[in-house]
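Hi everyone, thanks for coming. I'd like to walk you through one ligand and its surroundings today, so please have a look at the screen.

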Amino acid sequence: MEQTLVIIKPDGVKRKLTGRIIQRFEDKNLLIKEMYQGIVTEAVAKEHYAHLQDKPFFPDLIAYMTSGPVVFLLLEGTDVIALVRQLLGATNVLNAAAGTIRGDFASSTTENIVHASDSKESAEVEIQRFFSHL
Ligand code: TYD
């Protein structure tokens, strides 16, 4: 059994796509264990994306992630980390297939609607980061 962390990013919430994105996870019969709306502070955004701090898009990424409310989800199930990444689609917007969340809703690599943990190691750290208060 695995757990993974999903963030519906500020443009997803602003564009009122929250329900449609959650529907994708429910359609796939994944279990939503916990969920809340909140904000990502600049300090936490920088920590969350520390592995990208030297990239040219880093300032835009931090500005975007802190630009409005987000929705955090904790999903649980067998192979849920890989299953959720499949539902998200590729990071590069040009490679995000139609039928995936990014493929269907995003037209920019930076403003790409959703985040999900990409490994067991990152899931553990990210769940601790955003769900330790529960
Ligand atoms: P990354 O962790 O590589 O991808 P993912 O979100 O699919 O796990 O990158 C984090 C975010 O950084 C990504 O969702 C969007 C942004 N980003 C860009 O804006 N440009 C890029 O070239 C890359 C690789 C990422």
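Let's begin at T110: a polar atom in the side chain of T110 lies 2.6 Å from an oxygen atom of the ligand. Please keep in mind as we go that this is a predicted model. N112 also has a polar side-chain atom by a ligand oxygen, at 2.8 Å. Then there is R85, where an N or O atom of the side chain is 2.8 Å from an oxygen atom of the ligand. As for how much of the ligand is covered, the protein takes up 78% of the 500 Å² of accessible area that the ligand has on its own.

Now let's widen the view. Which residues are around the ligand? Going along the chain, they are K9, Y49, H51, L52, F57, L61, R85, T91, R102, T109, T110 and N112. If you sort this shell by character, you get 4 nonpolar, 5 polar and 3 charged residues.

And where does the ligand sit? You'll find the ligand in the largest pocket.

Next, what the record says. The unreviewed UniProt entry carries a "binding site" annotation that covers K9, F57, R85, T91, R102 and N112. From that set, K9, F57, R85, T91, R102 and N112 are part of the lining of the largest pocket. R85 and N112, which we met through their polar side-chain atoms, are thus named in the annotation too.

One last stop, for those of you following along the fold: K9 is in the loop that runs between β1 (2-8) and α1 (10-14). Thanks, and I'm happy to take questions.

Technical notes. Residues are numbered from 1 along each chain as its sequence is written. This is a predicted model: local features need pLDDT of at least 70, side-chain atom pairs count only at pLDDT 80 or more; totals for chains, interfaces and linings use all residues. Side-chain values use heavy atoms; hydrogens and water are left out. A residue is near a molecule or strand if one of its heavy atoms lies within 4 Å of it. A polar contact is a pair of N or O atoms within 3.5 Å; within protein, one must be able to donate a hydrogen and the other to accept it, and residues adjacent in sequence count only if both atoms are side-chain atoms. Accessible areas come from the Shrake-Rupley method with a 1.4 Å probe; for residues, only the protein chains shown count as cover. On a 1 Å grid over the protein atoms alone, a cavity is a set of points where a 1.4 Å probe fits but cannot get out, and a pocket is an open set with protein on both sides within 12 Å along at least five of seven lines; lining residues have an atom within 4 Å of a point. A molecule sits in a cavity or pocket if more than half of its atoms lie within 2 Å of its grid points. Ala, Val, Leu, Ile, Met, Phe, Trp, Tyr, Cys and Pro count as nonpolar, Asp, Glu, Lys and Arg as charged, and the others, Gly among them, as polar. UniProt positions are given in the numbering used here, feature names are shortened, and annotations may be inferred rather than shown by experiment. Helices (H or I, at least four residues) and strands (E, at least two) are DSSP runs, numbered from the N terminus.
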